[in-house]
Amino acid sequence: MKKSLHQFKHSLTWRMTAILLCSTCVVWLLFSAVLVWQAERMTQGILAQQLTQYTDMLWQYVGDDDDVQPSQTRRLRHDNGLEFALYDVKKNQLINASSTPALPRQATGLVQIGHEHWMMQSRSNDEIELVVGAPNSSTTELSHEMAENIGLLALAGLLLLIPVLYFALRRGLRPIDAFTTEVASRAVDNLAPIQTFVPTELQPLKNRLNGLFGQVEQTIAREQRFTADAAHELRTPLAAIRLQLELAHTSQRPEIRDKAFNNATHAVDRATHVVSQLLLLARLEHGANIEHQPIDFAQIAHDALTEAGKPVDAAHLMIDGAPQLLGQPMLWALVLRNLIDNAHHYAGDAAQVFIQISTRQITVYDTGKGMDAAQKARLGERFYRPAGQAASGAGLGWSIIQRIAQLHHTRIEMFDVQPHGFGV
């Protein structure tokens with residue numbers, strides 16, 4: 001019972017049906033009241049017209065003493081029909097009447113006789129006066145009877161309207177039920193857009209849900225990608241650490257143990273670098289907000305070359321203006337460090353690294369062996385490293401560079417350096 005009452009209170013169909021039903025009842029009551037009032041007016045008008053016609057008809061036949069002779073005289077009561085009285089004007093005497101007491105002289109319109117109201121009409125000349133009247137109660141009874149009959153018909157229509165309203169609302173709200181059913185019956189991992197038709201009023205909700213499904217799907221994909229990346233890249237350094245520690249534990253020679261510990265330390269450093277790169281990339285892919293502030297590209301380029309141990313003279317750091325770009329200086333410093341590190345590791349020890357800054361672009365290039373078209377095509381793939389490459393790394397630097405560029409609405413282009421080398 002409680003569950004049924006709860007569903008009744010919170011059911012949109014039942015609530016709308018109740019609201020429409022109450023509104024219809026109020027309108028029906030107002031309509032009935034107006035109907036009674038209008039019926040009384042119409043009935044009074046009709047009876048007044050009939051009374052006038054009857055009075056004119058009697059007046060035409062008044063002439064002789066026996067023209068107007070009632071069959072019998074009855075007592076004047078409110079439930080009587082039409083009554084008349086004929087007076088001698090000169091003698092001021094009653095000639096004839098259909099009731100006792102007789103209707104009074106010179107009475108026209110609605111006149112109170114005793115405790116009752118009568119509708120009166122009169123005709124007269126120099127000799128006689130005819131007074132005709134009808135009780136007003138008959139008019140009221142007739143109008144009430146008419147209003148009651150019409151009200152009963154309206155009530156029957158109202159009772160028939162209730163199920164019609166309910167089924168019409170149920171049919172009108174069927175798209176909402178289908179929408180609710182689809183959302184409620186969805187599997188947890190079903191993030192496909194909702195295709196069910198919904199009314200215009202629910203379209204913003206549907207669009208918002210589909211947008212949320214898309215965001216959740218992207219978030220899950222990023223988490224899965226992060227997990228896969230971490231598992232993929234950390235498996236090798238962790239296995240190497242275990243191998244080197246086992247070698248150091250079992251070896252009796254001090255130089256082998258020292259070498260094994262050094263290799264384990266390098267593997268730990270590599271794993272730490274991979275984790276930091278993965279975490280940074282995850283934050284960037286989750287849409288981390290960036291601060292919009294001016295960027296001193298000359299300073300961050302100078303610092304990046306200094307940290308990498310590269311020359312910072314005018315030949316290696318060429319400045320011809322500065323891009324008017326707002327963003328996060330720390331992220332752009334990371335871009336330059338990644339590009340310089342890649343050039344240092346993959347271009348060779350003999351290669352030089354150059355940075356050129358102008359008002360429209362920043363260029364980082366080296367004099368290494370360069371990169372062929374196939375390698376360039378796969379450069380954006382995570383964990384990709386060219387075949388035969390001995391340098392260690394997670395292969396995530398380029399993904400980080402691309403994401404930072406997207407956050408700052410900038411474009412990355414690769415080019416070959418002549419006679420040999422690679423530039424970004």
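Which residue in S7 is the bridge partner of Ala85? In this predicted model, the bridge partner of Ala85 in S7 is Val131, and the legends below begin with the whole chain before turning to the surroundings of that strand.

**View 1. The whole protein chain, with its helices and strands.** The protein chain contains ten helices and 14 strands, and of its 424 residues 34% count as buried. Among the contacts with a separation of 6 or more, 64% are accounted for by residues 24 or more positions apart in the chain. The area that the protein chain exposes comes to about 26700 Å², and 57% of that area is supplied by carbon and sulfur atoms.

**View 2. The open sheet of five strands that includes S7.** The strands of this open sheet follow the order S3-S2-S7-S6-S5, and their pairing is antiparallel. Strand S3 (93-97) and strand S5 (109-113) are the edge strands, each of them pairing on one side only. From one strand to the next, the twist averages 35 degrees.

**View 3. Strand S7 and its two partners, S2 and S6.** Strand S2 (residues 83-88) pairs with S7 in the antiparallel sense over six bridges, and within S2 the residue Phe84 stands opposite Val132 of S7, while Ala85 has Val131 as its bridge partner in S7. Strand S6 (residues 116-124) also pairs with S7 in the antiparallel sense, here over seven bridges, and Arg123 stands opposite Leu130 in S7. The chain passes from S6 to S7 through a hairpin of three residues.

**View 4. The side chains and burial of strand S7.** Eight of the eight residues of strand S7 (residues 128-135) are buried, so this strand is largely enclosed by the rest of the structure. Ile128, Leu130, Val132 and Ala134 point one way from S7, whereas Glu129, Val131, Gly133 and Pro135 point the other way, and all of these residues are buried. Val131, the bridge partner of Ala85, therefore belongs to a strand whose eight residues are buried.

**View 5. A nonpolar surface patch that includes Leu155.** Leu152, Leu155 and Leu159 together make a nonpolar surface patch of about 270 Å². Leu155 has its place in helix H3, which covers residues 136-172. With a relative accessibility of 31%, Leu155 counts as partly exposed, because that value lies between the limits of 20% for buried and 50% for exposed residues.

**View 6. Asp258 in helix H6, shown together with Ala248.** Asp258 has its place in helix H6 (residues 254-285), and with a relative accessible area of 47% this residue is partly exposed. Asp258 and Ala248 are ten residues apart in sequence, and their C-alpha atoms are 7.5 Å apart in space.

**View 7. Helix H10 and the residue His409 that follows.** Eight of the eleven residues of helix H10 (residues 397-407) are buried, so the helix is largely enclosed by the rest of the structure. The buried residues in H10 are Gly397, Trp398, Ser399, Ile400, Ile401, Ile404, Ala405 and Leu407. After H10 comes His409, whose phi is positive, near 55 degrees.

How values were computed
Residues are numbered from 1 along each chain as its sequence is written. This is a predicted model: local features need pLDDT of at least 70, side-chain atom pairs count only at pLDDT 80 or more; totals for chains, interfaces and linings use all residues. Side-chain values use heavy atoms; hydrogens and water are left out. Helices (H or I, at least four residues) and strands (E, at least two) are DSSP runs, numbered from the N terminus. Buried means under 20% relative accessible area, exposed over 50%, partly exposed in between (1.4 Å probe, protein chains only). Contact means heavy atoms within 4.5 Å. Accessible areas come from the Shrake-Rupley method with a 1.4 Å probe; for residues, only the protein chains shown count as cover. Patches are made of residues with over 30% relative accessible area and no salt bridge: like charges are joined within 9 Å, nonpolar side chains (Val, Leu, Ile, Met, Phe, Trp, Tyr) within 5 Å. A salt bridge is a side-chain nitrogen of Lys or Arg within 4 Å of a carboxyl oxygen of Asp or Glu. Two strands pair if DSSP finds at least two bridges between them. Axes are lines fitted to C-alpha atoms, for helices over the stretch in contact, and angles run from 0 to 180 degrees between N-to-C directions.
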